[in-house]
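User: I have a model open here and would like to talk through its folds and pockets before I go back to the bench. Could you take me through it?

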Amino acid sequence: ITEKIREYAKKGMRVLVVAHTPQVMQENSLPADIELLGLVLITDVIRKEAPEILQYFYNQGVDLKVISGDDPVTVSAIAAKAGLRHAEKYVDATTLHTQEELQQAVRTCNVFGRVTPRQKEQMVRALQNDAHTVAMTGDGVNDVLALKAADCSIAMASGSDAAKNTSNLVLLDSNFASMPHIVNEGRRVINNIRMAASMFLVKTIFSMLLSVMTIFFGQSYPFIPIQLSI
């Protein structure tokens, strides 16, 4: 059964096991005579624009990582279908017991499965410790800690209120395809600020040089303030 489950997981399917026992469960422990009834397979529908969006970010020099609470084999298969590079480099977060192991995993792996909310936050901080600027997307309560720790946090409108209230940005259409437009808008604002700042810098240097020349040569200042704008 375990081997079958692994085969389904490699195809990108989540597997739920349906079982039965006449006994009552005690303290979350499974009875010995539990009988397997069947497997329920669930698969995610990947949006058709996903590979294009991931490729856009790769072209912009952005490194992408997938963090999930699901089985790492399943997440890796889904991520590969969506166009994530090196999706085969995955790790089960339950095997990461120390901060050093987690830091090394963040450096070498692109897909993380069985991740707890606290580990998500630790992964964000581990990336920041390596001098990365980290943007985090999420929609659940279990993402809140990581969203708070990230340099830029992005939530989906269809997500939980906690995630939306924590995030810097909320995608009203709950579609990651909006991200390139947000990046372009941010760059436009930064470019405008840079242009305005350079203009004011030139104007300030020009005014200082004129002031020094006026002091040394004993002449009256040649401009009135309103003319400096020109």
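Analyst: What follows is a short conversation about the sheets, a pocket and a few single residues.

User: What kind of model is this, and how are residues numbered?

Analyst: This is a predicted model, in which local features need pLDDT of at least 70 and side-chain atom pairs count only at pLDDT 80 or more, while totals for chains, interfaces and linings use all residues. Residues are numbered from 1 along each chain as its sequence is written, and side-chain values use heavy atoms, with hydrogens and water left out.

User: Let's start with the sheet that has β6 in it. What's the strand order?

Analyst: Three strands form an open sheet in the order β6-β7-β8, with parallel pairing; strands here are DSSP runs of E with at least two residues, helices are runs of H or I with at least four residues, and both are numbered from the N terminus. Two strands count as paired if DSSP finds at least two bridges between them.

User: Which strands are at the edges?

Analyst: The edge strands are β6 (135–138) and β8 (169–171), each of which pairs on one side only. From one strand to the next the twist averages 25°, where axes are lines fitted to C-alpha atoms (for helices over the stretch in contact) and angles run from 0 to 180 degrees between N-to-C directions.

User: How many bridges join β6 to β7?

Analyst: Four bridges join β6 to β7 (residues 152–156), and the two run parallel. Within that pairing M136 stands opposite S153, and T137 has I154 as its bridge partner.

User: And how does the chain get from β6 to β7?

Analyst: The chain crosses through helix α6 (residues 144–149), and this β-α-β crossover is right-handed, a term that applies if, with the strands pointing away from the viewer, the path from the first strand over the helix to the second runs clockwise.

User: Same question for β7 to β8: which helix is on the way?

Analyst: There the chain passes through helix α7 (residues 161–166), again in a right-handed β-α-β crossover. Three bridges join β7 to β8, which run parallel, and A155 stands opposite V170 in β8.

User: Why would you call β7 largely enclosed?

Analyst: Four of the five residues of β7 are buried, so the strand is largely enclosed by the rest of the structure. Buried means under 20% relative accessible area, exposed means over 50%, and partly exposed is in between, using a 1.4 Å probe and protein chains only.

User: What about the sheet with β3, in what order do its strands come?

Analyst: That open sheet has three strands in the order β3-β5-β4, with parallel pairing. β3 (66–67) and β4 (90–92) stand at the edges, each with a single partner strand, so one side of each is left without a neighbour in the sheet. β3 and β5 pair in the parallel sense over two bridges, and V66 stands opposite V111 in β5.

User: Changing topic, how big is the second largest pocket?

Analyst: The second largest pocket has a volume of about 230 Å³. On a 1 Å grid over the protein atoms alone, a pocket is an open set of points with protein on both sides within 12 Å along at least five of seven lines, and lining residues have an atom within 4 Å of a point. Grid points are joined across faces, edges and corners, and the volume is the space filled by probe spheres set on the points.

User: Which residues lie nearest its centre?

Analyst: The lining has 13 residues, of which I5, V15, D71, T74 and R114 lie nearest the centre. The elements that give two or more residues to this lining are α1 (2–10), β1 (13–20) and α3 (72–82).

User: R114 caught my eye. Where is it found?

Analyst: R114 is found in the loop between β5 (111–113) and α5 (117–129), and it is partly exposed, with a relative accessible area of 37%. Phi of R114 is near 55°, a positive value in a residue other than glycine. Most residues other than glycine have a negative phi.

User: And S174, is that buried or exposed?

Analyst: S174 is buried, with a relative accessible area of 16%. This residue is found in the loop between β8 and α8 (179–217), and its phi is also positive, near 55°.

Note on methods:
On a 1 Å grid over the protein atoms alone, a cavity is a set of points where a 1.4 Å probe fits but cannot get out, and a pocket is an open set with protein on both sides within 12 Å along at least five of seven lines; lining residues have an atom within 4 Å of a point.
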